[in-house]
2 protein chains.
Amino acid sequence: MTLHDLAKELNLSIATISRALSRPEDVAPLTRQRVLAAVHRHGYTPNGTTRSLRTQQTRTIGVVVSDIRNAFFAAVVKAIEDEARANGYTVLICNADEDSAKEEAALQLLLDRKVSGVINCSTGANLDLLHTFQKSGAVLVDFDRESGLKNLDTVVVDNRRGAELATEHLVDLGHRDIATVAGPQHLSNARGRLIGFQDTLRKHNIQVKKSFVQYGNFRQESGYQAAQKLHSLRQPPTALFVANVEMAAGVIAFVRDKGVTIPQEISIVSFDDSFWARYMDPPLTVVAQPVETMGKCTMELLLARLRGGKPAQTKVFMPELIVRRSTCSPARSPR
Amino acid sequence: MTLHDLAKELNLSIATISRALSRPEDVAPLTRQRVLAAVHRHGYTPNGTTRSLRTQQTRTIGVVVSDIRNAFFAAVVKAIEDEARANGYTVLICNADEDSAKEEAALQLLLDRKVSGVINCSTGANLDLLHTFQKSGAVLVDFDRESGLKNLDTVVVDNRRGAELATEHLVDLGHRDIATVAGPQHLSNARGRLIGFQDTLRKHNIQVKKSFVQYGNFRQESGYQAAQKLHSLRQPPTALFVANVEMAAGVIAFVRDKGVTIPQEISIVSFDDSFWARYMDPPLTVVAQPVETMGKCTMELLLARLRGGKPAQTKVFMPELIVRRSTCSPARSPR
DNA sequence: TTGTAAGCGTTATCAA
DNA sequence: TTGATAACGCTTACAA
């Protein structure tokens, strides 16, 4: 069913039908009614794809998210979509699975669909594709990680500050043997979290042992493996800062397998909160990001940019330490 | 940058450019090279939206999901997207937030985008819109809930069986005062879970008290409230079957607030597993659905349908009871 | 091997 | 108030 069919049926021109639907006031009331009735009768819906061709704007925003199963991104996606829909935009969600090849495929898809803008949780690869976007006139926003490109809006949490908050908390409790499970260092957020951790230790004149820095990939299993390595050390840490909550779950799985008690034998603080962190055993001490606010802000920035004017800005949100029960002072050390 | 621009630059016709890209073998090697070079130089990407107009197929599948922040749906979406992309299809994800008005908006959007197919986690409302889809020739699949429409593929878990498994488990442990936090009864899955619960009790000659059936909306807070009501009863239950894990979290929040211990004072078994259920305090006994398999199967069914042939089928997956530590035999009752 | 031209379903301009 | 028509960017007969 197209405008054409409708026109034939009603003995009107397609122009009139189109007008009856998009600018009702430009059409005679009676005509409008006839059109509306027919539209309803047939369940006709204009082809939005075609409209885009004609109007040269898709009103679609692409979102490339690192891992849709990660609660953090799921929440962000929801916030983004709500804000977009409220403004008449559609969101095309792509899952990159923290994999630069999948990211490339996703960006290619968005390029193909001629999206008006892209919110990207960049792996740091695919800079050329991002560049192509910019050249094509699409608006780009970096979210959660910085791609390294210039002249684009950026929404991130203060990763260094978050790591400081977490590490400072552990130091305050009296820990000196503090390790970290860091994220992959090609990601700007993971780098920030590691630097914040190291700086805080140095500030307190605590040596940063190389063996106390383990690297994961932000996934659960890598947390498990990191914990394993840390555990096998001659002198294991008494406290642990984990760069995200998925890896923290992995750490906890390992620790539990070994029968080590949290927090008595090992204190754990993790980056990222999620609704279930407080139901865990024990409830997890975390550094929380203002997820909803960040998601909303990202879309607002993007829309503002689309409307023109505003130069690119970087918004840095403050994380917050939420102390629950996975951290406590270390047991008296024998040394 | 369009075919036209490229054609002008290379002194070729747009047809040749188009061919060089879509059927390389139909074009002289040298010409092809020149075209490819120019394409690369300009970062040109064909307009997929326009191609759809011409070829009359969008190769896009819409997915209307009840709540993207729910781990179950996040996992499903990932499985669906992977399978779709592997087959050259794009997925348009819409979040209905368990709200029929949002569902309507989502369906309308998908109608507008002329998607080839829709995977719908129906609220049960919007039957007329779904009907419009069918009339338009799009392929529909019901997932997780049945819309009530005929002649469409359906992928669900055996909800009754799952509830039986859970309830049977509680009965086996010796419980007689068993309550449930049921889901909203306009959803077929929630109905199935309630029926399975009731039937199992009856089978064991246990009376199903009306006050022992509380209704929630599949969200956390409603679990909290239901627990509150159950707790205020003159004779509260010793065991609880909760219809999904989000509500279970709410129940646990309440129970913990009250200082009631799980499982000693109250046993809890929930529908749905999620990776963190085993890290909870205590680890949650659940009825798990084979999420990835179900997601993949849904897309396979849809694609098969799109390729024609196959009549509509209903796939019912078997849930599995995973006993962890939130259930145990009831304490000796004083009565 | 390449070019010409029609047509996909809209919107928008101009005339009637 | 309505209609005829061009244009959006692409694919694909068909012709050269």
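A residue is counted as near a DNA strand if one of its heavy atoms lies within 4 Å of that strand. The legends below describe a predicted model.

**Figure 1. The surface near DNA strand D is built from both protein chains.** Of the atoms of DNA strand D within 4 Å of the protein, 59% belong to sugar or phosphate, and the rest belong to bases. There are 27 residues around this strand, of which A:Thr16, A:Thr31, B:Leu3, B:Tyr44 and B:Arg54 come nearest. Helices H2 and H4 of chain A, together with H2 and H4 of chain B, each supply at least two residues of this surface. H4(B) gives the most, with 5 residues. By class, the residues near DNA strand D divide into 11 nonpolar, 9 polar and 7 charged.

**Figure 2. Phosphate oxygens of DNA strand D are approached by A:Thr16, B:Leu3 and B:Arg51.** A polar side-chain atom of A:Thr16 lies 2.6 Å from a phosphate oxygen of the strand. For B:Leu3 the partner atom belongs to the backbone: an N or O atom there lies 2.6 Å from a phosphate oxygen of DNA strand D. B:Arg51 contributes through its side chain, with an N or O atom 3.0 Å from a phosphate oxygen of DNA strand D.

**Figure 3. The surface near DNA strand C also draws on helices of both chains.** Around DNA strand C there are 28 residues, and A:Ser18, A:Thr50, A:Arg54, B:Thr31 and B:Arg54 come nearest. Helix H2 (14-22) and helix H4 (48-55) of chain A, with helix H2 (14-22) and H4 of chain B, each supply at least two residues of this surface. H4(A) gives the most to the surface near DNA strand C, with 5 residues. The classes represented are 11 nonpolar, 10 polar and 7 charged residues. Sugar or phosphate accounts for 56% of the atoms of DNA strand C within 4 Å of the protein, and bases for the rest.

**Figure 4. DNA strand C is approached at phosphate oxygens by A:Asn47 and B:Ala28, and at a base nitrogen by B:Arg54.** A backbone N or O atom of A:Asn47 lies 3.2 Å from a phosphate oxygen of the strand. A polar backbone atom of B:Ala28 is 3.0 Å from a phosphate oxygen of DNA strand C. In the side chain of B:Arg54, an N or O atom is 3.0 Å from a base nitrogen of DNA strand C.

**Figure 5. Chain B and chain A share an interface with 8 salt bridges.** In one of the views, the side chains of A:Arg51 and B:Asp112 meet in a salt bridge, at 3.6 Å from N to O. Between the two chains, 23 residue pairs are in polar contact (both at pLDDT 80 or more). The elements giving two or more residues to the side of chain B that touches chain A include helix H3 (29-42), strand S2 (90-95) and helix H11 (245-257) of chain B. H6(B) provides the largest share of that side, 7 residues. The residues on that side divide into 21 nonpolar, 15 polar and 19 charged. In total, 55 residues of chain B are in contact with 55 residues of chain A. The area buried between the chains is about 4500 Å², of which carbon and sulfur atoms give 52%.

**Figure 6. Chain B superposes on chain A by a rotation of 180 degrees.** The shift along the axis is 0.0 Å, and the RMSD is 0.1 Å. That is the relation of a two-fold axis. The same surface serves both copies, as 100% of the contact residues of chain B recur in chain A.

Notes
Residues are numbered from 1 along each chain as its sequence is written. Chains are lettered from A and ligands numbered from 1 in the order in which they are written. This is a predicted model: local features need pLDDT of at least 70, side-chain atom pairs count only at pLDDT 80 or more; totals for chains, interfaces and linings use all residues. Side-chain values use heavy atoms; hydrogens and water are left out. Contact means heavy atoms within 4.5 Å. Buried area is the accessible area (1.4 Å probe) that two parts lose on being put together, summed over both. A salt bridge is a side-chain nitrogen of Lys or Arg within 4 Å of a carboxyl oxygen of Asp or Glu. A polar contact is a pair of N or O atoms within 3.5 Å; within protein, one must be able to donate a hydrogen and the other to accept it, and residues adjacent in sequence count only if both atoms are side-chain atoms. Helices (H or I, at least four residues) and strands (E, at least two) are DSSP runs, numbered from the N terminus. Ala, Val, Leu, Ile, Met, Phe, Trp, Tyr, Cys and Pro count as nonpolar, Asp, Glu, Lys and Arg as charged, and the others, Gly among them, as polar. Copies are superposed by least squares on the C-alpha atoms of residues with pLDDT of at least 70 in both.
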